[in-house]
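Work through these exercises with the model open beside you. Try each task before reading its solution.

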Amino acid sequence: MLVDAYQRPIRDLRVSVTDRCNFRCTYCMPLDQYEWIDKKEILTFEEITRLARLFIQFGVEKIRLTGGEPLVRQDLPVLVEELSALHGLKDLCLTTNGALLAEKIESLKKAGLRRVNISIDTLDAEKFKRMTKRGDLNKVLEGIFAAKNAGLAPIKLNAVIERGVNDDDILPLVEFSRTHGFAMRFIEYMDVGNSNNWTSAKLVSKKEILEKIAARYPLKEIGRERGSAPSVNYEFVDGQGDLGVIASVTEPFCSSCTRVRLTADGKIVTCLFAQIGHDVKARLRAGASDLEVGEFIGHLWRNRTDRYSAERLEALKSSNYDPKSHKKIEMISLGG
Ligand SMILES: C[S@@+](CC[C@H](N)C(=O)[O-])C[C@H]1O[C@@H](n2cnc3c(N)ncnc32)[C@H](O)[C@@H]1O
Ligand code: SF4
C-alpha cells in the first residue's frame, strides 16, 4: 500500500476540471480580474481518466469533481461516464455552486453521477447576490430540487460561514435542510488562495456553529465518515437528519488526510494549502508510459509531509500567523 511520510494512504482524488467560474464568491474569488489558464493547457477528459485509473491502482477509492465551477466545463457528463466506468472506484461525487445544475442533472445522472454537494451560504436572495457577486439564489434552489427530484442521494449542502456576513444564516440553513431532507455541511472560513484577506476575526469556529444549532436542535456526534473525511458529523437527537462541520482551522485533520488534488492544468498537489504543484501533464504529453507516470505519483506521495492546517493552528495559538507570508495556489485551479 502506498503511504506518505506520515503513513497516510492515498484514498481520495479531487479533480479541478476548470479554473473558470460563473460566480465570484467573495471568500474564494475576490478579485475583479483573473488570468484564466489557456484552454490547451487544461487536461483533456482522456488525460484525467488515465490519471484517475493510475491513482485508483495506488489506493484511491473516491473521486470528487470540482473547480472553479465544474458545470461550466463543456460536456462534463462525458467525463462522468468515463470515470464511473473505472474498475475499483467506489464513489464519484461533484461539488457545484448549483447554478447550472437543473439543466444538466438528467445528463449527469444518466452518465452515472449518484450524489452531489451543492454550495449555498444563505437563503436571502440579496445577500446571496452580494456574496457570490453574480449568483441567482433561485437558480441554485432550482438546481438543488432538480437533484432531489432526479433521485440523487445524499444531497449535501455546503455553507462557508463568515462572521458578520452570514453567521445569522446558520439556523435558517439548518431548518431548510431538515425540512427537505438535505445534509448541511458548515465549513469554517479558510485562508485559501492569496487574496481573500482572511483574518481569524472573520472565522466562526466549529464550536460556535454547533452551539448555535444545538441550542435549538440538540445534536449527537457520530464522527467522521471512514475515519478520515474532513467533516465531523452529528445527528439531530429528534431523528430528523444529520449535519457536519468542516473545521480545518480550529480542529485540523492533517494527521488523517488522504486527499490528493489534480489541478485543471495538470499538476498534482498534495495539500489544499500547497505552494507548488507537480507537473504530471508535461509527462503525459511527452509520451510517458503508465509505469513512468505511476513512478512519478508514487515518488510524490511517499515523500509527502504536508500538515499545513496543523502548523497554522500552532501559529495561531502563538499569535504568530500571517496568511500572506505563505503564497498558495488559488483554490479555483486546485479544486476545493
Ligand atoms: C472552490 S468551490 C468549487 C466548486 C463549486 N464552484 C462550489 O462552489 O461548490 C468548493 C468548495 O470550497 C468552498 N470554499 C471556497 N472558498 C472557501 C474559503 N475561503 N473557506 C472555506 N471554504 C471555501 C466553497 O464554498 C465550496 O463549497
Ligand atoms: S466557491 Fe465555487 S462558486 Fe464560488 S467563486 Fe469559488 S469556485 Fe466559484
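**Exercise 1. The core**

Which residues have the most contacts inside the largest nonpolar core?

Solution. Keep in mind that this is a predicted model. Step one: find the core. The largest nonpolar core has 104 residues. Step two: pick out those with the most contacts inside it. They are I63, L65, F186 and L243. Step three: ask what feeds this core. Helix 1, residues 45-58, gives the most, with 7 residues.

**Exercise 2. Around F186**

List the contacts of F186, leaving aside its neighbours within four places in sequence.

Solution. Use the cut-off for contact: heavy atoms within 4.5 Å. Go up the chain. First come A159 and I161. Next are I170, L173 and V174. I209 and I213 follow. The list ends with L243, G244, V245 and I246. L243 also appears among the core residues with the most contacts.

**Exercise 3. Helix 6**

Which residues of helix 6 are buried, and what covers them?

Solution. Step one: locate helix 6 at residues 170-180. Step two: name its buried residues. They are I170, L173, V174, F176, S177 and R178. Step three: look at the cover. It includes helix 5 (137-149) and helix 7 (206-214). Strands also take part, among them strand 5 (155-161), strand 6 (183-188), strand 8 (231-236) and strand 9 (242-246). Step four: check what comes just after the helix. There G181 takes a positive phi of about 80 degrees.

**Exercise 4. L83**

Is L83 buried or exposed?

Solution. Step one: place L83. It lies in helix 2, residues 76-84. Step two: take its relative accessible area, which is 0%. Step three: apply the cut-off. Buried means under 20%, so L83 is buried. Step four: find its contacts beyond four places in sequence. They are T49, A52, I63, L65, L89 and L92. Of these, I63 and L65 are also named among the core residues with the most contacts. Step five: compare sequence and space. L83 and I48 are 35 residues apart in sequence, but 8.8 Å apart from C-alpha to C-alpha.

**Exercise 5. The whole chain**

What radius of gyration does the protein chain have, and what would a compact globule have?

Solution. Step one: count residues. There are 336. Step two: a compact globule of that length would have a radius near 20 Å. Step three: the chain has 19 Å, so the two agree. Step four: add the burial. Of the 336 residues, 57% count as buried. Step five: add the elements. The chain has 11 helices and 12 strands.

Technical notes: Residues are numbered from 1 along each chain as its sequence is written. Chains are lettered from A and ligands numbered from 1 in the order in which they are written. This is a predicted model: local features need pLDDT of at least 70, side-chain atom pairs count only at pLDDT 80 or more; totals for chains, interfaces and linings use all residues. Side-chain values use heavy atoms; hydrogens and water are left out. Helices (H or I, at least four residues) and strands (E, at least two) are DSSP runs, numbered from the N terminus. The radius of gyration is taken over C-alpha atoms; the globule rule is 2.2 Å times the number of residues to the power 0.38. Buried means under 20% relative accessible area, exposed over 50%, partly exposed in between (1.4 Å probe, protein chains only). A nonpolar core is a set of buried Ala, Val, Leu, Ile, Met, Phe, Trp, Tyr and Cys residues joined through side-chain atoms within 4.5 Å.
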